[in-house]
Amino acid sequence: MKLLSHVLQRFLKLDPPLTRDIAVHHDLRVPMPDGVELLADRWAPRTGGDGLPTVLLRSPYGRSGPVFGGAMALPWAERGFQVVVQSTRGTFGSGGVFDPMRQEREDGLATLEWVGKQPWFGGSIVLAGASYLGYVQWAVADSLPPTVKAMITQVTESALTLEFLRADGLSLETPFGWGVQVDGQERRFALLRQLTQGRKRGRALFALPLGGSDVAATGHRVDYVQDILAHDAAVPRWAGLDHRDRVAQVSVPVSSIGGWYDIFLPGQLRDFRTLQEAGRPARLTVGPWTHLGMDGTVMRESIAFGLAHASGQQPPERAPVRLYVMGQETWRDFDSWPPEGHAPRRFHLQPGGDLAAEPPGESPPDRYHYDPADPTPAVGGVRMVRGAGRADNTKLENRPDVRIYTTGVLDQDVEVIGEVSAEIWFRSSLPYADVFVRLCDVDPRGRSYNVCDGLVSLSGADELTLAKVTLWPTAYRFKRGHRIRVQVSSGAFPRYARNPGTGEPHATATTLRSADQEIHHDREHPSAVILPVRT
């Protein structure tokens, strides 16, 4: 444990610990109202641990090992807290059946009540954790006992699964990969299988129909994957998983920490805006991170915020919003999200592959052919795989099914912070098609790197249609000497499911139809990307 402590301190650049003598009390039994017992471990200094503030981490990923035990609990336990790490229902020894996100409100409230009755409890609780561990905080946010002093939600949001079921494009890779992971995570050699079966899982995403992809990857059906493929966000199957209405009712300060390339960023920013509009005490930190790529900034921010509120004090003074401005490569402070002083500015697609502020003149549309049997691939970007985030797009932009539009060399910096969108006048030879738009930064050597992107699925695309695409929010400075580029294509597979072109449901589609696509950019059809530019 001491070796892990030294590694974490050096890697995360944490302040020196108050103690490295930590004891772990395993398999504490936490009763639920229905008689099920959930297991928890308590990490605390061997001497003087009783009475310290408690950090509660509720996780479906287990309580032991260097990642899901030590890395989550140890930095807190060494710096003024005792830590309770609980396995959620149906996982790693806890009773009941794991039905993702289904029982977290009832179980979370019962766990908080249990913690408050323990002889070692010191009177204050901080809720913390990333992704699923952040979602379980929102599940109880409107009914917290007075012993809870703060919430620290990292790369997460209050609706979670519903993010995968967006009406503007079905996420495939992330919910499929997560569903397969948690389905097999308690089997023997699970981690080794995760590392060695990546290609098999990747091939499974090409399965037709997609409803058999889980069987192709695991040899059996995975209920969560089946639900994602078969049910949209409006069906009763997802009732009770959406906690957005609880956000404005939270009674404690919230530190919300996200990443520009995180899968849950739009929902996380929505939750933060809800907190601000409701007048709740909240702060926002967004760094240049993917979902799996956060650095020590997150733990340092979390411990300082949590320890202050748990002790009845105020955390170190800072602005409500702290953003890492990529391109400039620096942290900046603001009063709100989106920050003031950035106004929408249209950059129009032009004939010949240009991108400019001026509206286009008369010109014929650009054309390309999209074949779902050879889908336009996802390169970098918002994903939970190796190679996510910022990536070289050169190979992608050389594909015949990708069109690019680029400004001239910038004679001054262009700062873009806020919500990004695009309006693309589009027509397909088929009624069903997708429009994917990506914003890129082209450096002086001609290398193109993705900043943010988004996709919309269309019906009636065989008629000229204005496709309104919501891209991921960003904070980026395009530097003088660089160029701004926009990509337009019809997919980013496997981040998004392939559009089969037939209108069949994703789960049951067995036919793939290729299409001829048109991008219009003329006086009557001024396609553009809309960037929030500093004024």
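Reader: Two strands pair if DSSP finds at least two bridges between them. So over how many bridges do β17 and β21 pair, and in which sense?
Author: This is a predicted model. In it, strand β17 (residues 433-442) and strand β21 (residues 483-489) pair over seven bridges, in the antiparallel sense.

Reader: What stands opposite Cys440 in β21?
Author: Arg485 in β21 stands opposite Cys440.

Reader: What order do the strands of that four-strand sheet have?
Author: The order is β14-β21-β17-β18. The sheet is open, and its pairing is antiparallel.

Reader: Which strands stand at the edges, and why is one side of each left without a neighbour?
Author: β14 (403-406) and β18 (448-458) stand there. Each has a single partner strand, so one side of each has no neighbour in the sheet.

Reader: And the twist, what does it average?
Author: It averages 20° from one strand to the next.

Reader: Switching sheets. How many strands form the one that starts with β1, and in what order?
Author: 10 strands form that open sheet. They run β1-β2-β4-β3-β5-β6-β7-β8-β9-β10, with mixed pairing. The edges are β1 (22-31) and β10 (330-334), each pairing on one side only. Neighbouring strands here are turned by 20° against each other on average, direction ignored.

Reader: How do β1 and strand β2 pair?
Author: In the antiparallel sense, over eight bridges, with β2 covering residues 37-45. One bridge joins Val30 to Leu38 in β2.

Reader: How many residues lie between β1 and β2 in the hairpin?
Author: Five residues lie between them. Gly35 sits in the turn and has a positive phi of about 95°.

Reader: On to β6 and β7. Parallel or antiparallel?
Author: Parallel, over four bridges, with β6 spanning residues 148-154. Gln154 has Ile257 in β7 as its bridge partner.

Reader: Thr153 is in β6 too. Buried or exposed?
Author: Thr153 counts as buried, because its relative accessibility is 1% and buried means under 20%.

Reader: What does Thr153 touch, not counting residues up to four places away in sequence?
Author: Gly129, Gly134, Gln137, Trp138 and Gln268 are among its contacts. Val254, Ser255, Ser256 and Ile257 also touch Thr153.

Reader: Which strands does helix α11 lie across? And α12?
Author: Helix α11 (residues 265-277) lies across β6, β7, β8 (282-290) and β9 (321-325), at about 165° to β8. Helix α12 (residues 296-310) lies across β5 (125-130), β6, β7, β8 and β10. Helix α12 runs at about 170° to β6.

Reader: Now a loop. Where does Val252 lie?
Author: In the loop between α10 (223-230) and β7 (254-261).

Reader: Buried or exposed?
Author: Val252 is buried, with a relative accessible area of 5%.

Reader: What is Val252 in contact with, leaving aside its neighbours within four places in sequence?
Author: Leu144, Val148, Lys149, Ala150, Met151 and Pro281. Leu144 is 108 residues away along the chain from Val252, yet their C-alpha atoms are separated by 8.4 Å.

Reader: Last topic. How many cavities of 30 Å³ or more does the structure hold?
Author: Six. The largest has about 100 Å³ of space.

Reader: Which residues line the largest cavity?
Author: Glu163, Phe164, Arg166, Ser171, Thr174, Ile263, Val382, Trp472, Arg495 and Tyr496. That lining divides into five nonpolar, two polar and three charged residues.

Terms used. Residues numbered from 1 in each chain as written. Predicted model: local features only at pLDDT ≥ 70, side-chain atom pairs only at ≥ 80, totals over all residues. Heavy atoms only, no water. 1 Å grid on protein atoms, 1.4 Å probe; cavity = no way out; pocket = protein on both sides within 12 Å on 5 of 7 lines; lining within 4 Å. Points joined across faces, edges and corners; volume = space filled by probe spheres on them. Nonpolar A, V, L, I, M, F, W, Y, C, P; charged D, E, K, R; others polar. Helix = DSSP H or I, 4+ residues; strand = E, 2+ residues; numbered from the N terminus. Buried < 20%, exposed > 50% of the residue type's maximum accessible area, 1.4 Å probe, protein only. Contact = heavy atoms within 4.5 Å. Axes fitted to C-alpha atoms, helices over the stretch in contact; angles between N-to-C directions.
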